[in-house]
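Biologist: Got a minute to go through this model with me? I'd like to talk about a pocket and a helix pair.

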Amino acid sequence: MPARHFLKSWKAKLFPTVPKAILMVSGHWDTPELAVNIINGRNDTIYDFNGFPKPMYEIKYPAPGAPELAKKVKGLLQSAGFGRVEEDKNRGLDHGAWVPLMLMYPEANIPVCQLSIQSDKDGTYHYNIGKALAPLRDDGVLIIGSGSATHNLRLLGPEDVPPPTWAADFDKWLTETLIDGRHEDVKHFDKKAPSAKISHPWPDHFYPLHVALGAAGENAKAELIHHSWGNSSISYASYRFQTA
């Protein structure tokens, strides 16, 4: 699977700098209010999926928690006016976090904390979360948004079938818009992008991108660093945002 090979090559080819900690924003932690997980020991591995082969439920990714980072995330968000930020002292890493991380950093030796998304909010809200977290860049923190460029599980197809027009159109729009630096259009993707509703019937797998983009800043340079398809209509397009 091309996306798997891409993630496994992360350290060697794309990001040789070892981050001091990782802030993971996954589409699989959706809460009514913002929340961070504050784990003092090792993160548990959450199996938040059904119907997979037994070995998937035996994988462990015991990365250390990052309680100091989590508390700094909470403080930055509250200072930016986001109000209440819950502290979850039990939740580990969901599969939106540990699946990519086990390929990117298989040693599980980098501290990780997660920040939730709020699917009842909009793109601008999540972009502004990222803006509030921009100071983390100076602390050696890698901010990862884990989701999908297109994500409609009701319209999956065989692996060997080309992507449907709606998925290809949205995917192309997203790459062009990010590379052109049109952040306002990305924030309002539901109105600006072609086939937005069919590409993301629910926005949970798209909002992590807004957080990562906002953290890189208004003049961020976007780069498409991987592109492949799964199940015909799932785009694994991956982007790196670097501060200009």
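Biologist: How do the residues of the lining of the second largest pocket divide into nonpolar, polar and charged?

Modeller: Keep in mind that this is a predicted model. The lining is made up of K20, A21, A66, P67, E68, L69, K72, P111, L136, D139 and V141. Sort those by class and you get seven nonpolar, no polar and four charged.

Biologist: Which helix gives the largest share of that lining?

Modeller: The pocket itself has a volume of about 190 Å³. Its lining includes P67, E68, L69 and K72. The largest share is four residues, and they come from helix α3 (residues 67–79).

Biologist: On to the helix pair: are α5 and α10 roughly parallel or oblique to each other?

Modeller: Helix α5 (residues 123–132) and helix α10 (residues 207–216) have axes that come within 6 Å and cross at roughly 40°. Under 35 degrees would count as roughly parallel. The two helices are therefore oblique.

Biologist: And is the crossing of α5 and α10 left-handed or right-handed, and how do the residues of their contact divide?

Modeller: On the α5 side, G123, H126, Y127, I129, G130 and K131 take part, meeting Y207, H210, V211, L213, G214 and A215 of α10. The contact residues divide into six nonpolar, five polar and one charged. As for the way α5 passes α10, the crossing is right-handed.

How values were computed. Residues are numbered from 1 along each chain as its sequence is written. This is a predicted model: local features need pLDDT of at least 70, side-chain atom pairs count only at pLDDT 80 or more; totals for chains, interfaces and linings use all residues. Side-chain values use heavy atoms; hydrogens and water are left out. Axes are lines fitted to C-alpha atoms, for helices over the stretch in contact, and angles run from 0 to 180 degrees between N-to-C directions. Angles under 35 degrees count as roughly parallel, over 145 as roughly antiparallel, 65 to 115 as roughly perpendicular and the rest as oblique. A crossing is left-handed if the near helix is turned anticlockwise from the far one by less than a right angle, and right-handed if clockwise. Contact means heavy atoms within 4.5 Å. Ala, Val, Leu, Ile, Met, Phe, Trp, Tyr, Cys and Pro count as nonpolar, Asp, Glu, Lys and Arg as charged, and the others, Gly among them, as polar. On a 1 Å grid over the protein atoms alone, a cavity is a set of points where a 1.4 Å probe fits but cannot get out, and a pocket is an open set with protein on both sides within 12 Å along at least five of seven lines; lining residues have an atom within 4 Å of a point. Grid points are joined across faces, edges and corners, and a volume is the space filled by probe spheres set on the points.
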